[in-house]
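Hi,

Here is the structure I promised to pass on. Have a look at it first, and my notes follow below.

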Amino acid sequence: MSGHPVVTWTEAGETRSALWRSESGMPPPARVVVADDRMTADTAYRLARDGTALLWRGDFQNARQLLQALARRADRKPLKPSATPAEAFHLHRMTQAQRARMLGMLLLPLEEDYGIPLRRAPDVRQACAEAYGPGEAPSVVSLRELLGLIGAHEWRKKGVEIPALEDRIHPHYGVFSPVRGEYVGLVAEAPLPSRELAFDIGTGTGVLAAVLARRGVAHVVATDQDPRALACARENLARLGLTEQVEVVQADLFPAGRAPLVVCNPPWVPARANAPIEHAVYDPGSRMLRGFIGGLAAHLTPEGEGWLILSDLAEHLGLRSRAELLALFDEAGLKVVGRIDVRPHHPRASDPADPLHAARAAELTSLWRLAAR
């Protein structure tokens, strides 16, 4: 089955198997029972909590209701009080991971063409094809992941309004959506050191490359190492009519050569991602941040600037200090020539019920203007 892992279960006295699909990298569950509309939410919760997966054979809409019931039961347990922001963060992440594993135990079958052989099931074939590629064989996926695919498909269709472009960006599945517009606004407003050439490192949807091109930068080289991001950026830039100005290349951080402007919006939080989509926010050891800072001077032309767009949330969580960030600049032979700050305006920044509210309420997103010493 093309190298995919396989999930196995017993049904009607027979051993059956199918491809196992998990974008989060979860292994196939070792224990699987067949479930339908007769199973109560309490029974399902007990089984899922103990590591037994439920392969659903009932009504699709009832499966969605059951998933909501499982989530309510998982959320009943309050978080323990923490002595420090870092402890609160790690406990929050651990709780999120445990919750995701439990909710991921409700499974649905998919036919070879990604049809769902259940009553009242929606047509998810296009959404699955966008995420997984062409169908190969019958498979099994968690309902939670499938709902994420459906949501991503809708985002891809309608797009995200970007005021700086006066247009929309259409994120693909697995590519971080530019819903936090403050960092895009910073790149749209900062004074350009040159309109000749710019590098956009880790382009994702291509949004920052598009903003730079619309601001009049004659040639932008946008890099990423994720095939999904490369395809997404190319599609967005083509739709915006910017393919003549923006070149999209596969690279781990920098392309060859030097530029008078090098822009990067790396993951902000030095912690492990629980799912691939989280790699845009979480980066163990700040690998991308350190790589960008460490390699920037070698890719700047004389008098050039590097723009580092970075939230200070990690500082408020006690995961990285401002002194550590400034020391990275110094070690890389960089100096700060300016900084522009903006407060985030996403809903969690003003939600006192959020477990990390104190840190989120104090958060600033900054565009650091860096130059070689």
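**Strand β4 and its neighbours**

Strand β3 (residues 31-35) and β4 run parallel and are joined by 5 bridges. (Helices, H or I of at least four residues, and strands, E of at least two, are DSSP runs numbered from the N terminus; two strands pair if DSSP finds at least two bridges between them.) V32 has A53 as its bridge partner in β4. Together, β3, α1 and β4 form a right-handed β-α-β unit, meaning that with the strands pointing away from you, the path from the first strand over the helix to the second runs clockwise.

β4 also pairs with strand β5 (residues 106-110), again in the parallel sense, over 2 bridges. There, L55 sits opposite L107.

Because 5 of the 5 residues of β4 (residues 52-56) are buried (under 20% relative accessible area, 1.4 Å probe, protein chains only), the strand is largely enclosed by the rest of the structure. T52, L54 and W56 point one way, A53 and L55 the other.

Before you dig in: this is a predicted model, where local features need pLDDT of at least 70 and side-chain atom pairs 80 or more, while totals for chains, interfaces and linings use all residues. Residues are numbered from 1 along each chain as its sequence is written, and side-chain values use heavy atoms, with hydrogens and water left out.

Cheers

Terms used: Buried < 20%, exposed > 50% of the residue type's maximum accessible area, 1.4 Å probe, protein only.
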